[in-house]
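Reader: I am new to reading protein structures. Could you walk me through this one, feature by feature?

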Amino acid sequence: TAPPEMLSPAQGLHWDVPEAAQAERQMRLYAMLSWISTAIDRTAEIAAEGKYSVTQISGEPGGADDEQIVNHPFEKLLHRPNPSQSAGEFLRDAFTMFRITGNLYLFSNTPSEGAPPDELWIVPSHFIRPIPDGRSYIAGYEYTPPGYQRQIIEPWKIVHLKTSNPMNPFVGLSAIQSL
């Protein structure tokens, strides 16, 4: 549970989270402006080609006593995050979404809270938005895919990564937003 000092702003910003349509406008700019898409695509491709591993930290992070955990379940999950994507596709698409909208939402297909995920899926930023509240900080995520009714997804099923946003701690700020 978040401390009361953080729950108050969460309650105050409950109605001030940008609509998901803002992310859609950013994606349209990405699709229309070749110089933006080229810069984002190249950045995402380079990031997706990185070598990723899981390390157990002992003492100071990055120290000589850190130990790489070979074949960690999360590392294996990244090799095949879901039946539709390879590791390269997943990472490229994840980095692309993050750079375009300032947010990356991952749906963790997991049997129960606290269990490791069986799959990870990228949720397009224009389908989802966090629901801040004064009781639990994030009450859930409003998910509205095209042609379907709005659903509320439990917060433990969503991994939300975001860029810094001095105006709202619940959503990232996209560099494209200024355009």
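Reader: Which residues are linked in a network of salt bridges?

Author: Let's begin with the general idea. Side chains of opposite charge can pair when their charged atoms come close. In this predicted model, the network links Arg129, Glu142 and Arg150. Glutamate 142 meets arginine 129 with N and O 3.7 Å apart. These two sit in distant parts of the chain, glutamate 142 in strand 6 (residues 137-143) and arginine 129 in strand 5 (residues 128-133), with their positions 13 residues apart. Glutamate 142 also forms a salt bridge with arginine 150, where the closest N and O atoms are 3.2 Å apart.

Reader: Is glutamate 142 buried or exposed?

Author: The cut-off for buried is under 20% relative accessible area. Glutamate 142 has 16%, so it counts as buried. Arginine 129 is buried because its value is 14%.

Reader: How many salt bridges does the structure hold?

Author: There are six salt bridges. Another one of them joins the side chains of arginine 92 and aspartate 93, at 2.9 Å from N to O. Here the surroundings can be read with the range between 20% and 50%, which is called partly exposed. Arginine 92 is partly exposed at 35%, and aspartate 93 is partly exposed at 26%.

Reader: Now the inside, please. Which residues have the most contacts inside the largest nonpolar core?

Author: Again, the general idea comes before the case. In soluble globular proteins, nonpolar side chains tend to be buried together. The largest nonpolar core in this model has 18 residues, and those with the most contacts inside it are Tyr30, Ile40, Phe90, Ile100, Leu104, Ile122 and Ile176. Two or more residues each come from helix 2 (21-32), helix 3 (34-48), helix 4, helix 5, strand 3 and strand 4. Helix 5 gives the largest share of this core, five residues.

Reader: Strand 4 is on that list. How many of its residues are buried?

Author: Four of the five residues in strand 4 (residues 119-123) are buried, which leaves this strand mostly covered. Valine 123 belongs to strand 4, and its 7% relative accessibility is why valine 123 counts as buried.

Reader: How do strand 3 and strand 4 run, parallel or antiparallel?

Author: They run antiparallel, and five bridges join them. For one bridge, look at leucine 106, whose partner in strand 4 is isoleucine 122. You can also compare sequence with space: valine 123 and tyrosine 105 are 18 residues apart in sequence, yet their C-alpha atoms are 5.3 Å apart.

Reader: What about empty space? How much lies in the largest pocket?

Author: Rolling a probe the size of a water molecule over the atoms shows where empty space is left. For the largest pocket here, that space is about 300 Å³. Its lining has 14 residues, and the closest to the centre are Leu78, Leu91, Leu104, Leu106 and Leu161. Helix 4 (73-79), helix 5 (87-101), strand 3 (103-109) and strand 8 (158-162) each give two or more residues to this lining.

Reader: Which element gives the largest share of the lining?

Author: Helix 5 does, with five residues.

Reader: What classes of residue line the largest pocket?

Author: The lining has 14 nonpolar residues, with no polar and no charged ones. To finish, find Leu104 in the 3D view: it is among the residues closest to the pocket centre, and it is also among those with the most contacts inside the largest nonpolar core.

Methods. Residues numbered from 1 in each chain as written. Predicted model: local features only at pLDDT ≥ 70, side-chain atom pairs only at ≥ 80, totals over all residues. Heavy atoms only, no water. 1 Å grid on protein atoms, 1.4 Å probe; cavity = no way out; pocket = protein on both sides within 12 Å on 5 of 7 lines; lining within 4 Å. Points joined across faces, edges and corners; volume = space filled by probe spheres on them. Nonpolar A, V, L, I, M, F, W, Y, C, P; charged D, E, K, R; others polar. Buried < 20%, exposed > 50% of the residue type's maximum accessible area, 1.4 Å probe, protein only. Pairing = 2+ DSSP bridges. Salt bridge = Lys/Arg side-chain N within 4 Å of Asp/Glu carboxyl O. Core = buried A, V, L, I, M, F, W, Y, C linked by side-chain atoms within 4.5 Å.
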